[in-house]
Amino acid sequence: MAVLQMQKLTICAMKKDRKAVLELLQKMGTVECIPDLEGTEVFKRMDTTSQRMQFEKNFSLAEQALEVLDQYDPVKTSLFASLAGKELIEADDLTHVVEQVGAIMTKVRELLNLQRRVSDARSLIQKKEAAIEGLKPWAALDVPMKCQGTAHTALLYGTLGPEYTQTLIDNALHERLPEVKAVTAEILSADKDQVCLAVVCMKKDAAAVEEALRAEGFARRLSVSERTPAERMAKREKEIREIESEISGLEEQMRAMASLREDFRRVSDYFRIRSEKYKVLGDLIQSKQTFIISGYILKRDAGPTVDRLNSRFDLM
């Protein structure tokens, strides 16, 4: 690998030319600016942190918008396209961005808001699917779980360990409550984690029956819903279908914004350039009338760069 000789370059110019000098240096790309100059009472640094943070935030938003478009409306590229690097932005395009930056960023935020709504909707679907899974073991129950019985009977819902069978439950109730005759337990479902059951008994025996069941590890299930588990599942399935339809509409709106891809790319470049410019602006030192900037340049580029600067500005 060839080792190229570097040279330090220090530029002192009138403050009125600062913007033009920095833009020219940025356009040429030959100088790597460094913050190695010490400030004094006369020459001070400008704090550009807040401006840079805003530019970087907008750059990040534009990049996120481009990622969203790539997700919903990907551009077909060749296998080696990634090796080509980013396409350079033309000066005329940059001028268009400066004139339209507010409107473009409004569209960027609109797209990201659509994407957030899709994300929130999918999270809501997951919650409803989890609720359906939680109701499936109780689907055979044909009364709302809010129902706790009638005027004379009590209805208990709950779970026991997976090792319990109908016979084990009946025997446990008989052994623990020999004096209680009117009690019936029905297994609604069973899996490797639990057995779900409903127990009917006389209301006067409810406390004793629950205590006997708790001795076997019974965990009571309470609910305030007016619907049966099957009805609640059907309601959530309907809601999921409605949310999926909403998601389809939102995704279609996002795909329709694919025509703005180039505007998003240009506004991303615009804010990246602005951020870099303000970084350099924060690195230089300046007085009321002049500014000084320092950096390194390839020795072969030093002469042409200095000549070009001198031809356009009064350097000191």
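Me: Quick one: does C196 count as buried or exposed?
Reply: C196 counts as buried, at 1% relative accessibility. Keep in mind that this is a predicted model.

Me: OK, and which cysteine sulfur is closest to the sulfur of C196?
Reply: That would be the one in C147, but 18 Å lies between the two sulfurs, which is too far for a bond.

Me: What about C33, why no bond there?
Reply: The closest cysteine sulfur to C33 belongs to C12, and it's 14 Å away, so that's too far as well. C33 is buried too, with a relative accessible area of 17%.

Me: So how many disulfides does the count come to?
Reply: The count comes to 0 disulfides. A disulfide is a covalent bond joining the sulfur atoms of two cysteines.

Me: Switching to the sheet: what's the order of the strands?
Reply: The order is β5-β6-β4-β7, so you have 4 strands in an open sheet with antiparallel pairing.

Me: Which strands stand at the edges?
Reply: β5 (183-190) and β7 (219-220). Each has a single partner strand, so one side of each has no neighbour in the sheet.

Me: And how many bridges are there between β4 and β6?
Reply: There are 8 bridges, linking residues 153-160 of β4 with residues 195-202 of β6 in the antiparallel sense. As an example, T153 is opposite M202 in β6.

Me: Last thing, which strands does α4 lie across?
Reply: Helix α4 (residues 166-176) lies across β4, β5 and β6, at about 150 degrees to β5.

Me: And α5? Which strands does that one lie across?
Reply: Helix α5 (residues 206-215) lies across β4, β5, β6 and β7, and runs at about 10 degrees to β4.

Note on methods: Residues numbered from 1 in each chain as written. Predicted model: local features only at pLDDT ≥ 70, side-chain atom pairs only at ≥ 80, totals over all residues. Heavy atoms only, no water. Pairing = 2+ DSSP bridges. Helix = DSSP H or I, 4+ residues; strand = E, 2+ residues; numbered from the N terminus. Contact = heavy atoms within 4.5 Å. Axes fitted to C-alpha atoms, helices over the stretch in contact; angles between N-to-C directions. Disulfide = S-S within 2.5 Å. Buried < 20%, exposed > 50% of the residue type's maximum accessible area, 1.4 Å probe, protein only.
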